[in-house]
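Reader: I'm new to reading structures, and I'd like a close look at one part, the empty space inside. Could you walk me through that, and then show me a little of what else is there?

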Amino acid sequence: MFLGVKAGGVNSVKFGGGEPLVLPYAADLIEFFAKEKFDLFLETNGTLVTPRLAELVGKAGGRASVSLDGPDEETHSLLRISKNSFEQAKRGICLLVERGIYTQVIFSIHKGNVARFVQTVALARELGASSLKVNFIQRMGRAEEMDENGSLLDVREFLDFFGRLDTDVLGDFVFFDIPIAFKKIKRVTKEMNYTCNICSVVGVLSNGDVSICGIGNLKDDLVLGNIRSKPLMEIWQAHPLFQDLYRDIPANLGGICSNCMFKRQCLGCCVVNTYNVTGRFNAGYPFCEEAHRLGLFPRQRLVEV
């Protein structure tokens, strides 16, 4: 399968989940990616990283992101089930860093850890991480339960937190997973990873199902085929849903996105989240729609059409 997509022009693989390293053949896959010269990006909670796995990721020219949601066990474990996950995550980060791998810490912000953000940044620096990204938690999957019990930040609270931080002091180490329209221009020119990759990505789930990113784990209607019965490239190139995406993004983006000056760079920020909320890929991004409703969307980033 992977050799087929490489022949079709694919040269990078994001190995994510859930937690991808629970797969019994995870090391074999990573070793294969390295041998076949795929660029590898590993998303992990860090608890299952071993010296051998870290070495293999390094051989694949890999980059990694590791979840670290607080500066101590108590805060980090608010989003975790297993005990000792904090110490294991720190160890995983160190193993990756020691092998020269670009390792980004992912801080998923919520009401239980927002007050410990600065301390978490300090810890990430101490561990040798290359950067830290702040994630706004989307109301998808397990996060829906957090939403119900009031643990998540809403759009106003997140933007207030973002606005109060001196991002210039935090420098190039901290990145916010926030639509480009809300960022200062000087930050935009530094942070190039602000585009949704929806038009150049395909997701393969652990059972062989093909979807868009990993949303097929949550939305059965977005399972578009299975690699056990049809070649991946055939599904990707021929399925009508992919064709609709390429037609509509960004040309037919709706809502606030249709008037945003950055729509051709942002591409709707995260169209699978938009689909999860609205049932449409090309509707306005829900975060931006809510910000606009609250009068918080930067008016200078809108253009008349």
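Author: Happy to! Keep in mind that this is a predicted model. The structure holds one cavity of 30 Å³ or more, and the space in this largest cavity comes to about 90 Å³. How do we find such a place? Rolling a probe the size of a water molecule over the atoms shows where empty space is left.

Now look at the walls. The lining of the largest cavity includes four cysteines, C257, C260, C266 and C288. P179, A181, L253, I256, Y285 and F297 also line the cavity, together with K263 and G268. By kind, ten of the lining residues are nonpolar, one is polar and one is charged. The charged one is K263 and the polar one is G268, because glycine is counted as polar here.

Next, a small sheet. Three strands form an open sheet in the order β7-β8-β9, with antiparallel pairing. β7 (203-204) and β9 (225-226) are at the edges with a single partner strand each, so one side of each has no neighbour in the sheet. Two bridges join β7 to β8 (residues 209-211), and G203 stands opposite S211 of β8.

Finally, try helix α5, residues 85-98. Its 14 residues reach 20 Å from first C-alpha to last, close to the 20 Å expected at 1.5 Å a residue. Among the buried residues of α5 are F86, I93, L95 and L96, and K90 is buried too. The buried residues of α5 pack against α3, β3, α4, β4 and α6. Just after α5 comes G100, with a positive phi of about 75°.

How values were computed. Residues are numbered from 1 along each chain as its sequence is written. This is a predicted model: local features need pLDDT of at least 70, side-chain atom pairs count only at pLDDT 80 or more; totals for chains, interfaces and linings use all residues. Side-chain values use heavy atoms; hydrogens and water are left out. Two strands pair if DSSP finds at least two bridges between them. Helices (H or I, at least four residues) and strands (E, at least two) are DSSP runs, numbered from the N terminus. On a 1 Å grid over the protein atoms alone, a cavity is a set of points where a 1.4 Å probe fits but cannot get out, and a pocket is an open set with protein on both sides within 12 Å along at least five of seven lines; lining residues have an atom within 4 Å of a point. Grid points are joined across faces, edges and corners, and a volume is the space filled by probe spheres set on the points. The expected span of a helix is 1.5 Å times one less than its number of residues. Buried means under 20% relative accessible area, exposed over 50%, partly exposed in between (1.4 Å probe, protein chains only). Contact means heavy atoms within 4.5 Å.
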